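Trainee: I would like to go through this model and ask what lies behind the terms used for it.
Mentor: Go ahead.

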Amino acid sequence: ITQAYSKKHHFPSKDIKKIDVLFIGCYEKDRFKYLLFLSENNIKVTIFGNGWKRIKNENLNNNLDINTKPLLGDDYRKAISQSKICLCFLRKINFDQHTSRSIEIPAISTLMIAEKTNEHLKLFDENEAVYFIDEKDLLMKVKYYLFNKKEREKIANNGYQRCISSPYSYEDMWVSIKQNSNVKN
């Protein structure tokens with residue numbers, strides 16, 4: 001079973017895209033390295049999540065906006081919806097190949113740029129999400145899609161269409177589990 005999204009909580013809306021690049025997740029050294037690299041190359045990055053207090057007081061440039069709280073409920077969906085690009089990093093300690101955000105971001109119809117893995121590629125084609133392999137590749141793709149709105153929106157919409165046409169929701173998974181296990185209501 002893969003991670004999934006909730007039809008009730010993760011859906012597109014017509015919010016204005018006022019955040020260039022968003023990352024929601026806990027602090028990890030590797031993640032910070034990528035985000036700092038983007039900010040040092042004139043990309044405005046907004047971060048929400050736990051554990052970021054440890055670097056909050058460092059001398060950082062103005063392109064990095066660190067919010068040391070998690071986003072929950074509708075605030076989570078709205079932040080993703082208000083972003084041009086949402087980054088999806090995996091937890092190395094867990095050996096993740098995809099995460100719940102791998103599906104929630106496209107379900108909200110925002111462009112996801114994620115680490116390239118076999119599981120990500122099984123979930124979304126490269127015209128439904130964008131994948132990177134290293135810092136320079138990430139920077140190149142972020143810059144390109146920030147300035148190519150039509151392509152960014154097309155890929156985001158393709159990812160959304162994949163979500164709603166595939167059994168990627170918790171609700172779809174529940175129906176499948178019930179059917180396959182002969183569970184009665």
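Trainee: In this predicted model, why are strands β2 and β3 called paired?
Mentor: Pairing needs at least two bridges. Four bridges join β2, residues 45-48, to β3, and the two run parallel, so they count as a pair. One bridge can be named: phenylalanine 48 has asparagine 67 in β3 as its partner.

Trainee: What makes β3 an edge strand?
Mentor: The order of the open sheet of six strands is β3-β2-β1-β4-β5-β6, with parallel pairing. β3 (64-67) pairs on one side only, and so does β6 (130-132). Neighbouring strands are turned by 25 degrees against each other on average, direction ignored.

Trainee: How do you know that helix α3 packs on the sheet?
Mentor: Contact means heavy atoms within 4.5 Å. Helix α3, residues 73-81, touches β1 (19-24) and β4 (83-88), and its direction makes about 140 degrees with that of β1. Helix α7, residues 149-165, also packs on the sheet, touching β4, β5 (111-115) and β6; its direction makes about 80 degrees with that of β5.

Trainee: What is the span of helix α1 set against?
Mentor: The expected span is 1.5 Å times one less than the number of residues. α1 (residues 29-40) has 12 residues, for which 16 Å is expected, and its C-alpha atoms reach 16 Å from first to last.

Trainee: Why is Phe32 of α1 called buried?
Mentor: Buried means under 20% relative accessible area, and Phe32 is among the α1 residues in that class, which include Leu35 and Leu38. After α1 comes asparagine 42, with a positive phi near 65 degrees.

Conventions
Residues numbered from 1 in each chain as written. Predicted model: local features only at pLDDT ≥ 70, side-chain atom pairs only at ≥ 80, totals over all residues. Heavy atoms only, no water. Axes fitted to C-alpha atoms, helices over the stretch in contact; angles between N-to-C directions. Buried < 20%, exposed > 50% of the residue type's maximum accessible area, 1.4 Å probe, protein only.
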